[in-house]
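Thanks for coming. I will go through one structure this morning, so please keep the sequence and the model open while I talk.

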Amino acid sequence: MRGALLIVKKEFMELSKDRKTMFFTFVMPLILYPLIFSMMGKLGQNDEAQRVAKPSRVWLVDPSGLVAPVLGADGKTIQVVPKPEGDVKQAIRDQKLELAVEVDPKAAEKLARHETWTVKAVYDRSDDSSRLALDRVKKAMAAQDKIWVGERLQAIKASADLAVPTKVETEDAGGVGRAIGKALGSFLPYLLMIMMYSGAMQPGIYCTAGEKERGTLLSLLTTSIPRSQIIIGKLLYVFSIGIIVAVINLLSMSFSMSRLIAGEAAHAAQGAAAHPAMADLAALASPAVLGLSFLLIIPLGLFFANFIILGGIQARNTVEAGTALMPGVFVVVFLGVFSMAPGIEKMAFLPYVPVLNVSLAIRKLFSQQANYWEYAVALGMTIGLAALMTWVSTRMLNRESAIFKV
Amino acid sequence: MIQITDIYKSFIVKDKKTRSKMKIEAVKGISLTVKPGEIYGLLGPNGAGKSTTLRMIAGLMQPDAGSIEVCGINSQREPERARATIGYLSTDISIYNRFTPRELLKLFGEFQGVEANVAERRGIHLLERLHMAEFADVKMEGFSGGQKQKVSIARALLHDPKVVIFDEPTTGLDVLTAKTVLDLLKIMKSEGRTVIVSTHVMPMVESTCDRIGIIFEGALHGDASPREVLDRWGVKTLDEVFFQLVADKERGVA
Ligand SMILES: Nc1ncnc2c1ncn2[C@@H]1O[C@H](COP(=O)(O)OP(=O)(O)O)[C@@H](O)[C@H]1O
Ligand SMILES: [Mg+2]
């Protein structure tokens with residue numbers, strides 16, 4: 001083992017002399033998450049806040065004059081604007097106004113005769129502001145309806161509850177935190193895998209195909225360190241890089257998340273209602289969830305490292321190695337996209353598919369649905385797979401043809 | 001002491017065009033012995049099988065048949081122990097550019113299991129002998145080919161090997177650097193080490209080697225002092241021996 005550790009030391013020494021790779025591998029993720037999280041938070045807040053603060057522009061056709069006072073009642077949420085030039089639908093799509101409302105011309109008579117009359121609204125479903133305008137109009141109309149129904153009931157001396165047989169009350173058992181957890185949990189394993197694989201790939205190629213290409217590998221082979229130890233040393237090195245990258249990513253991610261939580265808490269303390277989601281969200285960044293996720297990542301990292309070493313040492317040069325290992329990125333991306341797909345946790349065979357079951361298990365940990373049997377299967381399977389790969393790669397790389405490829 | 005008995009080595013290569021497999025017989029039954037305090041020169045044109053032979057002695061490749069003993073250690077059965085007694089240098093080997101000579105030698109001292117202070121002392125001593133001491137702490141990226149080769153030599157000799165195997169150590173070097181290397185080989189000899197060196201540059205051999213073997217198409221021709229070899233073929237320079245070998249072959253084929 002001494003030989004293997006010496007190789008690890010040598011590889012890290014070489015890496016430490018390469019500032020650029022060091023930066024992209026270790027420092028980038030450290031900056032990335034706080035940046036992403038704070039940007040997302042700010043953008044989301046600003047956008048939402050701006051939309052809510054602005055009144056919706058509504059073009060109203062109301063010959064009866066019944067609806068105009070209803071919509072204009074507060075003046076803050078709805079602003080009645082003149083008819084836009086050209087096609088109304090096009091104007092909505094162009095965001096010149098949010099909504100067009102057309103009221104039944106015979107509304108007044110129909111109201112008097114206790115008949116139903118129509119308020120037709122044209123909106124753009126794909127636009128958040130337009131949907132907000134529709135909501136506002138619907139709310140205003142619903143409130144007015146209540147008044148009119150109340151008046152009618154009063155006229156016949158009936159109880160105001162006559163028209164309201166039931167009322168559905170809802171409460172979110174999952175909480176916002178859990179919803180966020182589910183969302184995070186579905187892309188976190190994917191992000192970790194991508195980061196781990198791509199982070200370890202460059203150093204992995206450098207210390208295998210790169211050493212062949214630069215002609216330095218042979219000098220290692222002339223020493224009295226056994227070949228198998230050299231290979232295990234390189235494997236350990238690539239594995240450590242993957243793990244370090246994963247740890248940095250996890251830490252940076254949870255740090256940014258707790259910053260977001262703290263920020264929200266401060267926001268709540270200043271006034272406004274406290275966000276009930278924050279306690280749930282804090283539980284997500286809990287040491288147990290992160291620890292268990294990390295435990296799963298370890299054998300997965302070993303599996304990736306084996307794959308990289310195998311591809312790297314079989315190649316004659318770095319270009320060939322890159323070509324051999326690039327499809328690995330696509331596979332990881334594919335696995336990631338698959339693991340993000342909604343509803344896959346319901347597939348019964350999934351917990352028994354290697355690698356995919358790792359992302360499933362992490363996903364469940366994050367959405368607080370952990371299934372210990374599935375977790376154990378994923379862990380055991382990945383460990384077995386990694387061990388098998390290690391055995392294969394040490395055997396294959398002991399072959400002369402892998403070292404003296406011409 | 002190096003003792004090689006009837007070794008063979010062939011490679012299977014794929015022809016890119018015809019996609020058929022070809023067998024290259026690189027070494028065809030070579031036997032030779034090199035004693036301590038002796039410099040043995042392995043001569044031959046490109047592709048003759050010199051590097052393959054030296055790699056097998058160094059335990060980097062396994063022969064298909066035959067046996068190799070280095071300092072009484074069978075290099076097939078115990079390659080690690082055999083390698084510990086060997087200092088191997090080849091044109092195929094490059095240096096770790098990102099390090100300084102001192103860093104590199106420290107690292108290889110550890111690889112070879114040499115005590116840190118011993119490795120440091122020997123490393124500096126070797127660099128001095130090779131006129132490289134002043135560059136001990138300079139990053140090797142900017143080094144010339146000759147400077148890199150000298151650091152490689154120090155790397156190969158750091159663990160005080162009893163057997164020295166140099167594969168074309170002077171190829172690509174200027175005359176001054178080449179002389180430094182040849183002088184060092186003579187010092188190795190005077191220290192009682194077993195030295196085997198390959199080259200395709202003939203004059204160098206005449207002044208340095210005690211015995212020479214000429215490899216041509218994987219087989220060894222003549223195994224004697226340079227003088228004896230010249231006499232046997234009845235020629236004035238070793239180059240002429242090659243011309244004769246080629247001529248013999250063409251006559252045989254015709
Ligand atoms: N790893 C290898 N794979 C395939 N062929 C090889 C390999 N190494 C050497 N050869 C072939 O074996 C022959 C002898 O090569 P080599 O020993 O390098 O010759 P020399 O060192 O005398 O120039 C050449 O034809 C070469 O192409
Ligand atoms: Mg050669």
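Helix 1 of chain B supplies 3 residues to the shell around ligand 1, the most of any contributor. This is a predicted model, so keep that in mind for every value I quote. Helix 1 covers residues 50–57, and strand 1 (2–14) and strand 2 (21–34) of chain B also give at least two residues each to that shell.

Where does ligand 1 lie? Its place is between chains A and B. There are 14 residues around ligand 1, and those that come nearest are Gly47(B), Gly49(B), Lys50(B), Ser51(B) and Thr52(B). Sorted by class, the shell has 8 nonpolar residues, 5 polar ones and 1 charged one.

Now the polar contacts of the ligand. Gly47(B) uses its backbone here: an N or O atom of that backbone is 2.6 Å from an oxygen atom of ligand 1. Ser51(B) uses its side chain instead, with a polar atom 2.6 Å from a ligand oxygen. For Thr52(B), a polar side-chain atom is likewise 2.6 Å from an oxygen atom of ligand 1. How much of ligand 1 does the protein bury? On its own the ligand exposes 560 Å², and the protein buries 78% of that.

Next, the nonpolar cores. In soluble globular proteins, nonpolar side chains tend to be buried together. The largest core in this model has 87 residues, and the members that touch the most others are Ile165(B), Phe166(B), Ile196(B) and Leu238(B). Helix 6 of chain B, residues 175–190, provides the largest share of this core, with 6 residues.

Take Ile196(B) as an example. Apart from neighbours within four places in sequence, Ile196(B) has contacts with a list of residues that includes Ile2(B), Leu32(B), Val34(B) and Tyr40(B). Ile165(B) and Phe166(B) are among its contacts too. A second core, separate from the one just described, has 62 residues, including Phe37(A), Tyr197(A), Val238(A) and Ile297(A).

That brings us to chain A. It has 406 residues, of which 44% are buried, and its secondary structure consists of 16 helices and 4 strands. If you take the contacts in chain A between residues at least 6 apart in sequence, 73% of them join residues at least 24 apart. Chain A exposes about 21,200 Å², with 64% of that supplied by carbon and sulfur atoms.

Two polar residues are worth a look, one in each chain. The first is Asn249(A), in helix 10 of chain A, residues 227–269. Is Asn249(A) buried or exposed? Its relative accessible area is 0%, so Asn249(A) counts as buried. A polar atom of its side chain is 2.7 Å from the backbone oxygen of Val245(A). Beyond four places in sequence, Asn249(A) touches Pro29(A), Tyr33(A), Leu192(A) and Met195(A).

The second is Ser90(B), which sits in strand 6 of chain B, residues 86–90. Ser90(B) has a relative accessible area of 1%, so this residue is buried as well. What does its side chain reach at 2.8 Å? The partner is the backbone nitrogen of Asp92(B).

To go back to the start: ligand 1 lies between the two chains, A and B, and helix 1 of chain B gives the most residues to its shell. That is where I will stop.

Terms used: Residues numbered from 1 in each chain as written. Chains lettered and ligands numbered in written order. Predicted model: local features only at pLDDT ≥ 70, side-chain atom pairs only at ≥ 80, totals over all residues. Heavy atoms only, no water. Buried < 20%, exposed > 50% of the residue type's maximum accessible area, 1.4 Å probe, protein only. Contact = heavy atoms within 4.5 Å. Areas by Shrake-Rupley, 256 points an atom, 1.4 Å probe, with all protein chains shown as cover. Core = buried A, V, L, I, M, F, W, Y, C linked by side-chain atoms within 4.5 Å. Near = heavy atom within 4 Å. Polar contact = N/O pair within 3.5 Å; in protein donor to acceptor, adjacent residues only side chain to side chain. Nonpolar A, V, L, I, M, F, W, Y, C, P; charged D, E, K, R; others polar.
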